[in-house]
Amino acid sequence: MGLWYHVAEPNSYLVITGAGIEKVQIKKKAFVYPFQKVSKISITPFDFSMALQAMTVEKLKFSLPAVFTIGPADNLKSLEKYAVLLTGESDGRPTASAAKGAVTVAAGRNHVQDIVKGIIEGETRSIVSTMTMEELFRERKIFKEKVIQQVQSELDQFGLCIYNANVKELQDTPGSEYFAFLSRKAHEGALNQAKVDVADARMRGEVGEAEKQGKTKQEVAKIHAATAVLETERKAEKAAADAKLTDKEIQIGKDLNLARVAAKREAERRDAELNTEVEKKKALMELERLRATTVTQATIAKESSQQKADATLYAEMKSAEGKKYSEQADAEAAAFRRLKDAEADFKAKEREAEANFLVSKRAAEAEYFRRERETSAQLISQQREAEGLSAMAKAYGDMAAVLGGPQGLMQYLMLQNNTYERLANANAEAIRGLQPKINVWNTGAAGGDGTLADPTAPIRNLFQSLPPLLSTIHDQTGMAPPSWLAQMPEKGKGANVQVRELRNGSESST
């Protein structure tokens with residue numbers, strides 16, 4: 001015993017068992033240690049040829065020749081199943097070469113073929129017993145797929161795989177001629193159908209040839225008709241000229257004959273008068289002769305006139321037919337032109353409608369985009385304005401808290417916005433032309449020489465003039481100054497107010 005390195009052939013695998021291996025180990029190449037055994041299994045597919053005796057659901061027996069190509073599946077799980085279940089002899093003994101210790105590809109497949117053959121026969125008979133003979137013929141591919149699917153599901157437990165399945169033609173069992181008669185029926189049907197197809201093809205060829213010949217004749221007839229129309233017109237003109245000439249000649253001849261007959265009759269009448277008795281018979285004979293001559297000439301003239309009239313009528317008929325064909329061709333051409341013009345007009349209008357639709361669509365999209373942008377901009381502007389108003393309101397709240405409340409904030413805003421000045425201007429405009437009441441406040445005495453009593457007098461006088469000013473504003477507008485700025489003077493106190501009568505009738509306070 002020693003360490004050996006084994007390598008499998010391309011179409012085989014090594015199967016190792018023994019120490020350190022729980023079940024079996026499948027490899028392409030491996031070291032084989034002491035207390036381990038190795039053998040080779042081939043994965044080359046093998047063919048099963050068999051002729052199955054089956055019976056359909058209609059109790060019809062038949063023979064089904066089939067060839068299956070089956071071999072171990074080339075994956076480790078299937079190879080393990082195949083190595084464990086199907087290698088060796090059918091009674092479980094190793095093959096002769098394996099018993100002698102030789103490492104060779106397992107060749108004992110007779111029992112494998114028996115197992116596979118039994119599975120195929122059983123599954124095939126179970127499928128055929130549920131089908132009719134017509135279904136076997138009509139659904140050959142489905143039958144083959146069912147057989148492969150059912151057999152493969154059974155072979156999976158042995159690690160085998162179906163590489164190919166070829167179901168040959170169904171055959172009769174000894175003593176049965178079902179397929180023979182069916183084959184004759186199909187052959188006769190195919191032969192009859194072939195005859196029908198040949199006759200049909202011949203008919204289509206003859207009909208097509210006749211149609212082409214008819215169209216060719218129609219086109220040639222149209223060309224000949226156009227040519228005949230021109231020829232008929234020329235012949236009609238010539239015939240009309242000939243008829244006029246003949247009429248003139250006949251008229252002249254007739255006049256001459258009448259003149260001759262009249263002269264001859266006049267001479268005969270005079271001769272008859274002279275020779276009444278003698279030339280009576282001769283006159284009668286001459287008269288009959290003249291009558292016969294005249295009748296013959298009239299008959300000839302009549303037939304000639306009739307033939308000329310027939311010729312004229314024929315020319316007019318041909319001319320009318322040519323004119324009819326020409327007018328029909330012109331009408332067809334005009335109809336075709338109108339049809340093409342209508343189609344072109346329809347195409348143009350359709351394209352114009354599509355273009356108008358695209359322009360309208362683009363304009364609507366642009367207008368929608370513009371309005372959406374304007375709405376977004378307006379929303380953002382209003383949001384910013386709202387934020388500014390909110391911030392301004394917050395700032396005004398803080399100012400109101402500093403200025404002593406909303407009244408102080410309002411007084412501050414009025415001073416900031418020159419509200420008092422605008423109110424004074426408005427009041428002045430309101431009392432213009434009236435007799436206003438003028439108050440003059442005297443805040444104290446000045447020096448006798450016109451100078452102030454002390455240096456602080458201007459400031460003192462300024463502060464002394466504020467209460468009356470604010471009082472006047474309060475009296476006129478009802479608006480009081482904030483408490484932090486000044487207190488309103490009580491009536492009767494504060495500066496000395498002297499009321500004087502002015503020349504215009506208004507009052508003045510000093």
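# A guided tour, starting at Glu-233

Begin by selecting Glu-233, which counts as partly exposed at 33% relative accessibility (buried means under 20% relative accessible area, exposed over 50%, and partly exposed in between, with a 1.4 Å probe and protein chains only). Before you go further, note that this is a predicted model, in which local features need pLDDT of at least 70, side-chain atom pairs count only at pLDDT 80 or more, and totals for chains, interfaces and linings use all residues. Residues are numbered from 1 along each chain as its sequence is written, and side-chain values use heavy atoms, with hydrogens and water left out.

**Salt bridges**

Now add Arg-234 to the selection: Glu-233 forms a salt bridge with Arg-234, and their closest N and O atoms are 3.8 Å apart (a salt bridge is a side-chain nitrogen of Lys or Arg within 4 Å of a carboxyl oxygen of Asp or Glu). A search of the whole structure finds 15 salt bridges.

For another of them, select Glu-9 and Lys-40, whose side chains meet in a salt bridge at 3.2 Å, N to O. This pair links distant parts of the chain, 31 residues apart: Glu-9 is in the loop between β1 (4–7) and β2 (12–18), while Lys-40 is in strand β5 (residues 36–42). (Helices, H or I of at least four residues, and strands, E of at least two, are DSSP runs numbered from the N terminus.) Colour the two by accessibility and you will see that Glu-9 is partly exposed at 34%, whereas Lys-40 is buried at 9%.

Next, move to helix α7 (residues 280–402) and pick Glu-365 and Arg-362, which are three residues apart there and so separated by about one helical turn. An α-helix has 3.6 residues a turn, so residues three or four places apart point the same way. Glu-365 and Arg-362 form a salt bridge, with the closest N and O atoms 3.4 Å apart. Glu-365 is partly exposed at 37% relative accessibility, and Arg-362 is exposed at 54%. Then select Glu-367, Arg-370, Arg-371 and Glu-374, which are joined into one network by salt bridges that share partners.

**Rings**

How many aromatic pairs does a search of the whole structure find? The search finds one. To see it, show Tyr-5 and Phe-31: their pair is tilted, at 4.7 Å centre to centre with 55° between the planes. (Rings of Phe, Tyr and Trp, the last by its six-membered ring, pair if their centres lie within 6.5 Å; planes under 30 degrees apart count as stacked, over 60 as edge-to-face and the rest as tilted.) Tyr-5 lies in strand β1 and Phe-31 in strand β4 (residues 29–32), so the pair ties together parts that are 26 residues apart in sequence. Tyr-5 is partly exposed, with a relative accessible area of 44%, and Phe-31 is partly exposed at 45%.

Stay with rings for one more stop and select Tyr-13 with Lys-28. The charged end of Lys-28 sits over the Tyr-13 ring, 4.5 Å from its centre (this requires NZ of Lys or CZ of Arg within 6 Å of the ring centre and within 35 degrees of the ring normal).

**The cores**

Which residues touch the most other members of the largest nonpolar core? Select Ile-70, Phe-143 and Leu-160, which do so among its 39 residues. (A nonpolar core is a set of buried Ala, Val, Leu, Ile, Met, Phe, Trp, Tyr and Cys residues joined through side-chain atoms within 4.5 Å.) Several elements each supply at least two residues of this core, among them β7 (61–72), α5 (140–155) and β8 (160–167). The largest share, six residues, comes from α3.

Centre on Leu-160 to look around: leaving aside neighbours within four places in sequence, Leu-160 is in contact with residues including Ile-70, Tyr-82, Val-112 and Leu-155 (contact means heavy atoms within 4.5 Å). A second, separate core of seven residues includes Ala-8, Leu-14, Ala-30 and Val-38.

Then go to Ser-78 in helix α1 (residues 76–85). Ser-78 is buried, with a relative accessible area of 15%. Beyond neighbours within four places in sequence, Ser-78 is in contact with Ala-73, Phe-158 and Gly-159.

**Last stops**

Select Thr-246 in helix α6 (residues 178–274), where Thr-246 is buried at 17% relative accessibility. The Thr-246 side chain reaches the backbone oxygen of Asp-242 at 2.8 Å. The side chain of Thr-246 also makes a polar contact with the side chain of Lys-308, at 2.8 Å. (A polar contact is a pair of N or O atoms within 3.5 Å; within protein, one must be able to donate a hydrogen and the other to accept it, and residues adjacent in sequence count only if both atoms are side-chain atoms.)

Finish at helix α8 (residues 406–416), where Gly-408, Leu-409, Gln-411 and Met-414 are buried. Just after α8, look for Asn-418, which takes a positive phi of about 60°.
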